[in-house]
Amino acid sequence: MTLTESRDLRGGRPSWNEDAWDIPRADPLADGRSDVAVIGSGVMGSILAERFSAEGHSVVVLDRRPSGMGSTAASTAESMWAMDVPMSTLAADIGEAEAARRWTRVYHAVRGLADRIDALGIDCARLDRPTVYLAGGQLDADGLRREAAFHERHGLPSAFLDGDAVARRFGIRPRAAIVSDGGFEVDPVQLAHGMLDIARARGARVHYPCDVIAMDEHEQGVTLSLAEGNRLEARQVVLASGYERATLFLPSQFKLLSTFVMATSPGTAPLWRENAMIWEASDPYLYIRVDAEGRVIAGGEDESVIDAQRRDALIGTKAGTIAAKLAALLGSDPLPVDSAWSATFGSSPDGLPAIGRAAHMHRVWLAAGFGGNGIAFAALAADLLSEGFAGRIDPDAACFDPYRFSAKTGF
């Protein structure tokens with residue numbers, strides 16, 4: 001029995017050289033009480049550990065695998081503030097002011113993370129990139145024009161371009177789009193490791209492999225029971241286990257999917273201008289970017305299949321479909337696939353994460369980056385939980401509360 005699901009989170013062969021990663025060593029499992037126990041050491045848990053340690057908390061990070069070796073290692077690492085559910089769609093459900101409130105908060109979290117990475121000097125190949133959101137089945141050109149107007153009214157750096165303008169600027173086939181600034185790309189594993197290195201320099205401890213199988217809350221904090229028989233004490237606990245859900249706490253509206261990715265060999269790029277991150281207003285959508293070594297990385301073709309064997313059996317077919325879509329977008333011959341992989345990820349009805357206090361346990365918090373923008377949502381979680389730990393109520397906390405759908409019949 002474990003507190004969180006145990007899953008094979010990725011399959012195939014990603015384009016990264018995993019042998020080149022300097023995996024952080026595991027610290028001994030020390031006795032004593034910590035201020036915060038973070039369960040999960042992917043990009044979410046690592047960003048949280050850095051923030052909590054910077055604020056003077058003693059931190060222990062627990063994981064069943066080395067840092068970044070779960071879903072983080074399969075990420076295409078596009079850190080964007082635009083969500084999978086368009087602002088105009090969200091506004092139709094909850095009103096424009098509330099939709100804008102959520103979107104602008106995520107935008108500021110993304111920009112805050114970019115500034116923090118730079119200030120800390122983390123070497124993770126961070127590069128600012130424009131994002132190009134192309135017309136598709138979810139939003140056509142007119143829909144994108146309305147969507148861009150929403151962004152502009154609320155101070156988000158976006159502009160609508162017609163198809164000819166997109167073709168001239170980016171060198172792809174004509175297609176209307178929203179072009180936005182403020183996003184960036186990173187090496188996600190290097191980001192996680194860099195954040196943990198800084199946290200550990202402040203005294204944080206990272207222990208793996210271990211499974212947390214139970215939690216017992218009491219007046220002084222929470223007792224964590226490990227499968228190995230050890231027990232740890234923490235004043236607060238954060239469940240940052242990614243797509244290995246803590247199903248006792250995470251509501252059923254937060255679901256799992258599988259996505260598929262292909263990459264070309266290094267040096268293939270540039271094939272379009274500005275090395276923009278490109279994605280489509282479709283479901284499923286195609287998303288493409290270029291990495292620091294000139295690979296073209298393209299993904300999409302999401303499926304509801306989450307069984308690892310069934311998921312990975314689709315990698316070859318999905319990679320071929322993605323390559324064909326990429327060629328159509330660029331108006332080129334199909335690009336050779338150098339590597340291809342699959343990954344489990346999470347979604348939510350409003351495209352937003354589950355961040356906040358867990359039900360029935362005052363000292364346990366959820367930080368689940370469901371919705372497709374895991375790096376952005378990790379930055380947001382650090383902001384929100386920092387306020388919660390200080391005993392302050394963040395004015396936007398309810399927007400991302402894990403139980404916000406409980407009074408609704410649908411999105």
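**Salt bridges across a predicted chain**

Good morning. I begin with a network of salt bridges that links Glu 98, Arg 101, Arg 102, Arg 105, Asp 394 and Asp 396. Please keep in mind throughout that this is a predicted model.

Within that network, let me take one pair. The side chains of Arg 101 and Asp 396 form a salt bridge, with 2.8 Å from N to O. Arg 101 belongs to helix H3, residues 96-120, while Asp 396 sits in the segment after helix H9 (374-389), so the pair ties together parts that are 295 residues apart in sequence. As to exposure, Arg 101 is partly exposed, its relative accessible area being 28%. Asp 396, by contrast, has a relative accessible area of 13% and is buried, because the limit for a buried residue is under 20%.

The structure holds 33 salt bridges in total, and I would like to show two others, both involving the segment before strand E1.

In the first of these, Glu 5 pairs with Arg 245, and their closest N and O atoms are 2.8 Å apart. Glu 5 precedes strand E1 (10-13), whereas Arg 245 is found in the loop between strand E11 (231-239) and strand E12 (255-263); the salt bridge therefore ties together parts that are 240 residues apart in sequence. Both Glu 5 and Arg 245 are buried.

In the next, Asp 8 meets Arg 311 in a salt bridge at 3.8 Å, N to O. Asp 8 is also in the segment before E1, and Arg 311 lies in helix H7, residues 308-313, so this pair ties together parts that are 303 residues apart in sequence. How exposed or buried are the two partners, Asp 8 and Arg 311? Asp 8 is partly exposed at 43% relative accessible area, while Arg 311, at 0%, counts as buried.

Let me now turn to the chain as a whole. Its charged side chains comprise 41 positive and 55 negative ones, and the centres of the two sets lie 2 Å apart. The secondary structure consists of 9 helices and 18 strands. Of the contacts between residues at least 6 apart in sequence, 76% join residues at least 24 apart.

What radius of gyration does the chain have, and does it agree or disagree with a compact globule of 411 residues? The value is 21 Å, which agrees with the figure near 22 Å for such a globule. The C-alpha trace spans about 65 × 45 × 40 Å along its principal axes. Buried residues account for 60% of the 411. Finally, the accessible surface is about 15,900 Å², with 49% of that area belonging to carbon and sulfur atoms.

Thank you.

Definitions and conventions:
Residues numbered from 1 in each chain as written. Predicted model: local features only at pLDDT ≥ 70, side-chain atom pairs only at ≥ 80, totals over all residues. Heavy atoms only, no water. Helix = DSSP H or I, 4+ residues; strand = E, 2+ residues; numbered from the N terminus. Rg over C-alpha atoms; globule rule 2.2 N^0.38 Å. Buried < 20%, exposed > 50% of the residue type's maximum accessible area, 1.4 Å probe, protein only. Contact = heavy atoms within 4.5 Å. Areas by Shrake-Rupley, 256 points an atom, 1.4 Å probe, with all protein chains shown as cover. Lys, Arg positive; Asp, Glu negative; His and termini not counted. Charge placed at Lys NZ, Arg CZ, Asp CG, Glu CD. Salt bridge = Lys/Arg side-chain N within 4 Å of Asp/Glu carboxyl O.
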